[in-house]
Amino acid sequence: MNTMVQSAIQTSNEMQRQLIARAGEDADFRAQLVADPKATVKQEFGIDVPDYINIQVHESDWNVLHLGLPPGPDLEQELDEERLEAIAAGLCCCG
């Protein structure tokens, strides 16, 4: 995986950690994140998430744990220029 993609994945992971941490402390923020994740990302980070990127928020409970897997090793082969730019901006970590 090239350095730019690796750095973008780290940026995306850090953004996710920040959102999860705040959602764990603030019930209103959590509800907002579940209801409208793109607007919440814009509010928190000033980033307009492109229409082709879908953000799904899944809430775990005591009976269900959601595990998000990163893109597979063939990520770089599937990226077009627009997605590569989004990754470089930290907007997403997947192709």
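1. Start with D26. In this predicted model, D26 is partly exposed, with a relative accessible area of 25%. That value lies between the 20% limit for buried and the 50% limit for exposed, so D26 gets the in-between label. Its salt-bridge partner is R22, and the closest N and O atoms of the two are 3.7 Å apart. A salt bridge here needs the nitrogen within 4 Å of the carboxyl oxygen, so the pair counts.

2. Now look at R22 itself. R22 has a relative accessibility of 30%, so it also goes down as partly exposed. R22 has another partner, E44, with the closest N and O atoms 2.4 Å apart. This pair links distant parts of the chain: R22 sits in helix α1 (residues 3-25) and E44 in helix α3 (residues 37-45), 22 residues apart. E44 is partly exposed too, with a relative accessible area of 30%.

3. Next, find R30 and E59. Their side chains meet in a salt bridge, at 2.7 Å from N to O. Here again distant parts of the chain are linked: R30 belongs to helix α2 (residues 27-35), while E59 lies in the loop between α3 and α4 (75-78), 29 residues away. How accessible are R30 and E59? R30 comes out at 33% and E59 at 42%, and each of those values falls in the partly exposed range.

4. Put the pairs together. Which residues are joined into one network by salt bridges that share partners? They are R22, D26 and E44. You can trace it on the structure by starting at R22, which pairs with D26 and with E44. The structure holds 5 salt bridges, and the ones described above are among them.

5. Now turn to the nonpolar side chains. The largest nonpolar core has 9 residues: M15, L19, A23, F29, L33, V41, I47, V49 and I53. Two elements, α1 and α2, give two or more residues to this core. Which element gives the most? That would be α1, with 3 residues. As background, nonpolar side chains in soluble globular proteins tend to be buried together.

6. Finally, zoom in on L19, one of the core residues. If you leave aside its neighbours within four places in sequence, L19 is in contact with F29, L33, V41, E44 and F45. Of these, F29, L33 and V41 are also listed in the largest nonpolar core. E44 is worth a second look: besides being in contact with L19, E44 forms the salt bridge with R22.

Terms used. Residues are numbered from 1 along each chain as its sequence is written. This is a predicted model: local features need pLDDT of at least 70, side-chain atom pairs count only at pLDDT 80 or more; totals for chains, interfaces and linings use all residues. Side-chain values use heavy atoms; hydrogens and water are left out. Buried means under 20% relative accessible area, exposed over 50%, partly exposed in between (1.4 Å probe, protein chains only). Helices (H or I, at least four residues) and strands (E, at least two) are DSSP runs, numbered from the N terminus. A nonpolar core is a set of buried Ala, Val, Leu, Ile, Met, Phe, Trp, Tyr and Cys residues joined through side-chain atoms within 4.5 Å. Contact means heavy atoms within 4.5 Å.
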